[in-house]
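Okay, thanks for coming, everyone. I'd like to spend a few minutes on how the parts of this protein sit against each other, so let's put it up on the screen.

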Amino acid sequence: MSDAPLLEVRGLTKGFGPKAVLRGVDLTLAKGESLVVIGGSGTGKSVLLRCILGLDTPDSGDVLWHGRPLSGAARAQFMDRFGMLFQGGALFDSLNVWQNVAFRLTQPMGARAAREVAVERLARVGLGPEVADLYPADLSGGMLKRVALARAIAASPEVIFFDEPTTGLDPLRAARITALIRGIVSDTGASAISITHDMASAQVMADRVALLQDGRIVWTGRPAEMQAAATQVPALAAFLDPVAALAATPGH
């Protein structure tokens, strides 16, 4: 893994009206690294992701791709080199499975070649070719997540974003999807940024964890360092053991 940042966020701020959501976020993502951003609901994780993807415009700060501001030619290159697993899957109900997986590939490659790629990507997430012609309405929740993951890796992306990948899954299916994501990221050599509040998944997926609290990154480190760091970082301690944190709060 190279130490040179593939993606870098510098001093990112974003507010909505009087509410400041991001208050100066700094992050780096190395080539081949899996970074997991954790934080409670409403801490700005999704806003951070939207700012990186260009869906929201930051009030200040920079996002760099291979050391260049993410605009113009760099933005165009980035758009061709990323994959995304949306929280709800975001599959197109009117398209069958292979058409969903190959959505970005059909026009440049042609339908036949795109379908072959889709079937191969489905196999990588544990789904057979018989699934290719089904529709999203025919699939279980776990299968929908797998199809969405196959779509995220369809174009062999350089970086993949995972937005709450285990939301809506029972613990067993969540563990399977988490292991699948970890394996795919490792096997492909892609970099990854995941946002989640699922600590079990975070510790499996992450090479490095970043805790977002009150619009700032308050701690970064390896999963194995979290317990020791929690003694010095109250926000991390509260996230690791919310029941104990609540019990220690006056009035509870």
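Right, so the C-alpha centres of domain 1 and domain 2 are 26 Å apart. Keep in mind that what you're looking at is a predicted model. Where do the two domains run? The domain assignment gives domain 1 as 1-81 + 157-246, and domain 2 as 90-156.

Now, the place where they touch. Domain 1 puts 20 residues into the contact, and domain 2 puts in 12 residues. Between them, about 1200 Å² gets buried, with carbon and sulfur atoms giving 64% of that area. Which residues of domain 1 lose the most area to domain 2? That would be Pro-157, Leu-180 and Ile-184, and together they make up 39% of what the domain 1 side buries.

What about charges and polar groups? Well, the count of salt bridges between domain 1 and domain 2 is zero. There are polar contacts, though: three residue pairs across the interface of domain 1 and domain 2.

Let's stay on the domain 1 side and ask which elements it's built from. Helix H2 (72-80), strand S7 (159-163) and helix H7 (171-188) each bring at least two residues to the face that touches domain 2. The largest share comes from H7, with eight residues. And if you sort that whole face of domain 1 by residue type, you get 10 nonpolar, three polar and seven charged. So to recap that bit: seven charged residues on the domain 1 side, and zero salt bridges between domain 1 and domain 2.

Okay, that's the tour from me.

Methods. Residues are numbered from 1 along each chain as its sequence is written. This is a predicted model: local features need pLDDT of at least 70, side-chain atom pairs count only at pLDDT 80 or more; totals for chains, interfaces and linings use all residues. Side-chain values use heavy atoms; hydrogens and water are left out. Domain bounds come from an automatic or database domain assignment. Contact means heavy atoms within 4.5 Å. Buried area is the accessible area (1.4 Å probe) that two parts lose on being put together, summed over both. A salt bridge is a side-chain nitrogen of Lys or Arg within 4 Å of a carboxyl oxygen of Asp or Glu. A polar contact is a pair of N or O atoms within 3.5 Å; within protein, one must be able to donate a hydrogen and the other to accept it, and residues adjacent in sequence count only if both atoms are side-chain atoms. Helices (H or I, at least four residues) and strands (E, at least two) are DSSP runs, numbered from the N terminus. Ala, Val, Leu, Ile, Met, Phe, Trp, Tyr, Cys and Pro count as nonpolar, Asp, Glu, Lys and Arg as charged, and the others, Gly among them, as polar.
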